[in-house]
Amino acid sequence: MWKSIINSHLFTIIYPVVLGACLILGAIIARRTWLNKKIIWKSSGVEGAVIAIFSLLLSFTFFASNNLMRDRLVLINNMRDATASLRRVSLITNDSLKEETKKYLIGYLTIMSDFKTNYLASEENLQDSMEDINGRYLTVLTMEAKKDTLSRNDVLVIMPYLNQLNGFFYRMINSYDERTPPLIIILLVFSSLLIAILVGFLNSFNNRRHFLVPVIFLVIVSLCIQSIRDLDNPYIGSIQPSFKDFKRQLDIINRSSR
């Protein structure tokens with residue numbers, strides 16, 4: 001439930017509003033419990049440490065989400081290179097194997113050029129489609145290997161590149177499931193709301209109360225949380241892996257006469 005709420009587009013609007021409300025709540029608490037009763041409030045000395053703990057949690061989560069995003073980008077680049085390598089090495093094999101490899105890559109790149117849509121529609125169907133393409137291609141490779149020694153050598157040349165490409169594909173599937181644990185995100189959100197109450201509370205005791213610090217806090221924390229959500233979620237948001245290179249490779253292979 002919490003995971004679906006945090007991933008929703010509605011959270012983008014609701015979170016800054018709630019964060020601002022917590023700032024106001026902190027100011028209201030200060031006024032009703034201290035200022036209106038003219039009670040002198042003294043700092044306990046741990047306020048800075050509490051805010052520092054929140055800052056560390058925010059920075060570590062940001063760092064972890066950024067690493068997950070970069071890992072996905074690295075995998076996409078590796079898959080692109082592996083696809084190109086398989087295509088190039090197939091050009092030195094016999095005509096039959098070269099043609100079958102071309103068909104295989106067309107099917108593979110057709111799936112990868114629209115990976116996100118296929119994944120969101122059904123992860124199982126996506127894997128089944130890829131396994132079906134791989135199965136047909138492996139059948140061809142097996143038949144080629146049984147023809148003669150030269151064909152068998154061509155297959156042995158192809159296999160390492162094929163294994164590497166498929167390894168990257170399944171690592172890509174797994175990377176889409178590797179997300180910052182929902183409990184950490186929930187902890188971060190609730191911590192930010194509590195810190196907002198504290199900031200609003202502390203700001204009320206300033207002799208010259210102003211709105212600059214609360215506004216800066218609201219803007220920075222809201223943008224940080226939204227950025228973490230974008231980095232952590234490869235499905236939605238403005239920071240998403242691009243699969244345009246696979247579409248470009250597909251177009252090049254389709255136009256190629258080799």
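Helices here are DSSP runs of H or I, at least four residues long, numbered from the N terminus. Keep in mind that the model is predicted.

**Stop 1: helix α2.** Select residues 10–35, which make up helix α2. Ile 14 lies in this helix. Show its surface: Ile 14 is partly exposed, at a relative accessible area of 41%. Now add Leu 10, Ile 13, Val 17 and Val 18 to the selection. Together with Ile 14, these residues form a nonpolar patch on the surface. The accessible area of the patch comes to about 460 Å².

**Stop 2: the cysteines.** Select Cys 22. Is Cys 22 buried or exposed? Cys 22 is buried, with a relative accessible area of 11%. Next, select Cys 224. Cys 224 is also buried, at 18% relative accessibility. Draw a distance between the two sulfurs. The sulfur of Cys 224 is the nearest cysteine sulfur to that of Cys 22, and it is 17 Å away. Why is there no bond from Cys 224? Its closest cysteine sulfur, in Cys 22, is 17 Å off, which is too far for a bond. A disulfide needs the two sulfur atoms within 2.5 Å. By that rule, the model has zero disulfides.

**Stop 3: helix α7.** Select residues 149–177, the span of helix α7. Pick out Asn 166 within this helix. Asn 166 is buried, with a relative accessible area of 11%. Which residues does Asn 166 touch, not counting those up to four places away in sequence? Show Tyr 104 and Asn 134: Asn 166 is in contact with both.

Terms used: Residues are numbered from 1 along each chain as its sequence is written. This is a predicted model: local features need pLDDT of at least 70, side-chain atom pairs count only at pLDDT 80 or more; totals for chains, interfaces and linings use all residues. Side-chain values use heavy atoms; hydrogens and water are left out. Buried means under 20% relative accessible area, exposed over 50%, partly exposed in between (1.4 Å probe, protein chains only). Helices (H or I, at least four residues) and strands (E, at least two) are DSSP runs, numbered from the N terminus. Contact means heavy atoms within 4.5 Å. Patches are made of residues with over 30% relative accessible area and no salt bridge: like charges are joined within 9 Å, nonpolar side chains (Val, Leu, Ile, Met, Phe, Trp, Tyr) within 5 Å. Accessible areas come from the Shrake-Rupley method with a 1.4 Å probe; for residues, only the protein chains shown count as cover. A salt bridge is a side-chain nitrogen of Lys or Arg within 4 Å of a carboxyl oxygen of Asp or Glu.
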